[in-house]
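User: I'd like to learn how to read a structure feature by feature. Could you start with a single residue and work outwards from there?

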Amino acid sequence: MSTAKKSRGSGRNDESTSGEAVVFNVNKLSRELLIRVFGWLPFHQRHETIPLVCRKWAELTSVPCPLWEHPCIDLQLYVDNHSRGTSIDQQEVIVRWANVLQWFSVRASWVHSIEIRNFSEDFAAQHDCPSGGLASLFGTLWDYLENLYISNCAPVMRPDDLVHLACFSKLVRLNIDSLRGPVEARQLNHLGRLTNLQELRILFAGHGLEQNLLGGFPNHLTALRKLRELELTSVGPGAFISLPESISNWVELRDLQLYRCGFEKVPENISALSKLDTLLMEGFSTPGLGSIELPDHMSRLTSLRRLILSGWCYSSLPRVVGRLSQIQELDFSFNPLPSLPSDFQCWHNLEVLKLNCCELQKLPEAVRSCSKLIQLDVAANDDLDAIPTGAYLANLRDLDLSRCDFHRIPSSLAGAINLERLDMSYNTCMEVDAEGRLLLLNLPALKQINITKDRLHAVGLRGRRSEFKPTPWTDCSMYNLFLLSKELMAHRPSRMIDVRLFDEQEVLSEM
């Protein structure tokens, strides 16, 4: 017997003395190691390909095991995989729902998380999945499932089917994407029986101008005392709703995000959410929407780090915000804020400030107090043409000055010694002179510059879209941009510099 054969038989993972490569028999691995290796494969390969390799692998995957802890049912992916590289048309690929149920019934005890995607109208009609077919699948998993993710499954996940979710006694995370409304509050109230739920995310289908939730806020959701994250998106602005006083039950809540929702006010009891870290209430594109009333007791939210109140027509910053001294991210985009009060305590610890589309004519003096600022976004303020010097520039890493009225690179940027990303795209009259070129070249940390100018489109306040005819680069600007590119390549040989001069991206690097 040759040396190579002896090595193969003993399973050694080295090279023989004759220089031949050793072939290792993967079936010598233990069952546990094989399962761990197979776990790195996509679910459809674990389910369909592995059992076809050999009898041992088929037996290994035919019984409950950790391979099936996180299955994914993606109807579109299944059809694509079975029609790719063959003469079979996608219309000829049929998913047998009865076979799906049988497969899960055998492995249910190991299924802790499941993702169900892409049961569109056409697919539901083509395949034999009945209306409410997910209810039969849920019935096999009630006692085991901890995480459930449903996306683009409107034909088989209707509002009336929400009642079936209430039987998942161990469910910790529930994410429903593209739930088709209108949904009545009483239907969402069924989810209040999921007493172990910690994360709930529901995205309603539609563009946000439709009334997707009827009957006010589903009050039974406040019975979820273990809830840590709640996100509702595109509820609709038609009838204003109020958060109930019983939200004080959410003592573990850390993240509350309500996108494109109409609210009358925030209840006083929000101060009871002592662990709340993120509060997001977005009112974009809501007709007739006024500013939302914030209670004075919000100042007791000592754990609050992120506050996002975009699109609520605030003409001045609410005074209670100024008392939130621990705030690190503040987003008041799409609010007509001509100025900001400089005596607020919140400026001292602020790291992220977003004032996108706020009709600013100059950068508020209060921003100079933000000595810890890392990201500043003042894009789409059509009359903004200058930024002042100040201590706020020293730690700044990300600066967005796009879609404003800048005519040249601001000289004050010389103080932004830690700036990594600068966006000055779509400034109509923008030109780059020699002084601006040298300024950019001397910013030591700069990694990305975007001064795109072609095909300019600017978005005005509250979604009002306006278009401007772009002014082409002058010969002087083109010359300086050319020199800038060459000099960056020469002076930054060890770092990739991303320079976007036109709509087409140009990446400059020297290896």
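Analyst: Happy to. This is a predicted model, and a good place to begin is Ser 169, which is partly exposed with a relative accessible area of 42%. That label applies because 42% falls between the cut-offs, under 20% for buried and over 50% for exposed. Ser 169 sits in the loop between helix H9 (162–165) and S4.

User: Which residues is Ser 169 in contact with, leaving aside its neighbours within four places in sequence?

Analyst: Set those neighbours aside and you find Trp 142 and Asn 196 in contact with Ser 169. You can also look at backbone separation: the C-alpha atoms of Ser 169 and Leu 194 are 6.3 Å apart, while their positions lie 25 residues apart along the chain.

User: Where is Tyr 144 placed, and how is its accessibility classed?

Analyst: Tyr 144 belongs to the loop between helix H8 (133–141) and strand S3 (147–151). With 33% relative accessibility, Tyr 144 also counts as partly exposed. Not counting residues up to four places away in sequence, Tyr 144 touches Ala 108, Ser 109, Val 111 and His 112. Its C-alpha atom is 7.9 Å from that of Phe 168, and the two residues are 24 apart in sequence.

User: Let's take a strand residue for contrast. Is Glu 199 buried or exposed?

Analyst: Glu 199, found in strand S6 (residues 199–204), counts as buried at 13% relative accessibility. That follows because the cut-off for buried is under 20%. Beyond its neighbours within four places in sequence, Glu 199 is in contact with Val 172, Arg 173, Leu 174, Leu 227 and Glu 229.

User: Now helices. How do I tell which side of one faces inwards?

Analyst: List the buried residues, then look down the axis to see where they point. In helix H2 (residues 31–38), the buried ones are Leu 34, Ile 35 and Phe 38. These fall within an arc of 100° seen down the axis of H2, so they line one face of the helix. The face turned away from that buried side carries the exposed residues Glu 32 and Arg 36. What covers the buried residues of H2 includes helix H3 (43–48) and helix H4 (55–61).

User: Can I practise on H6? Which of its residues are buried?

Analyst: In helix H6 (residues 97–107), they are Trp 97, Val 100, Trp 103, Phe 104 and Arg 107. They cover an arc of only 120° around the axis, which puts them on the same side of H6. Ala 98 and Gln 102 are exposed on the other side of H6. Notice that the buried list includes Arg 107, so read the accessibility rather than guessing from the residue type.

User: How do I move from one helix to the core?

Analyst: The general idea is that in soluble globular proteins, nonpolar side chains tend to be buried together. Here the largest nonpolar core has 129 residues, of which Leu 148 and Trp 347 touch the most other members. Leaving aside neighbours within four places in sequence, the contacts of Leu 148 include Ile 114, Ile 116, Phe 138, Leu 165 and Phe 168. Arg 173 and Asn 175 are also among them.

User: How many cavities of 30 Å³ or more does the structure hold?

Analyst: One, and the volume of the largest cavity is about 30 Å³. Ile 150, Cys 153, Ala 154, Met 157, Ile 176, Asp 177, Ser 178 and Leu 179 line that cavity. Strand S4 (residues 173–179) gives the largest share of the lining, four residues. By class, the lining has six nonpolar, one polar and one charged residues.

User: What should I look for in the backbone angles?

Analyst: Look for positive phi values in residues other than glycine. Phe 334 is a case, with phi near 60°. Phe 334 lies in the loop between strand S12 (329–331) and strand S13 (352–354), and counts as buried at 15% relative accessibility. Tyr 426 has a positive phi of about 60° as well. Tyr 426 is in the loop between strand S16 (421–423) and helix H12 (434–441), and at 24% relative accessibility it counts as partly exposed.

User: And the overall picture?

Analyst: The protein has 13 helices and 21 strands, and 47% of its 511 residues count as buried. Among contacts between residues at least 6 apart in sequence, 59% join residues at least 24 apart.

Conventions: Residues numbered from 1 in each chain as written. Predicted model: local features only at pLDDT ≥ 70, side-chain atom pairs only at ≥ 80, totals over all residues. Heavy atoms only, no water. 1 Å grid on protein atoms, 1.4 Å probe; cavity = no way out; pocket = protein on both sides within 12 Å on 5 of 7 lines; lining within 4 Å. Points joined across faces, edges and corners; volume = space filled by probe spheres on them. Helix = DSSP H or I, 4+ residues; strand = E, 2+ residues; numbered from the N terminus. Nonpolar A, V, L, I, M, F, W, Y, C, P; charged D, E, K, R; others polar. Buried < 20%, exposed > 50% of the residue type's maximum accessible area, 1.4 Å probe, protein only. Arc of directions from axis to C-beta. Core = buried A, V, L, I, M, F, W, Y, C linked by side-chain atoms within 4.5 Å. Contact = heavy atoms within 4.5 Å.
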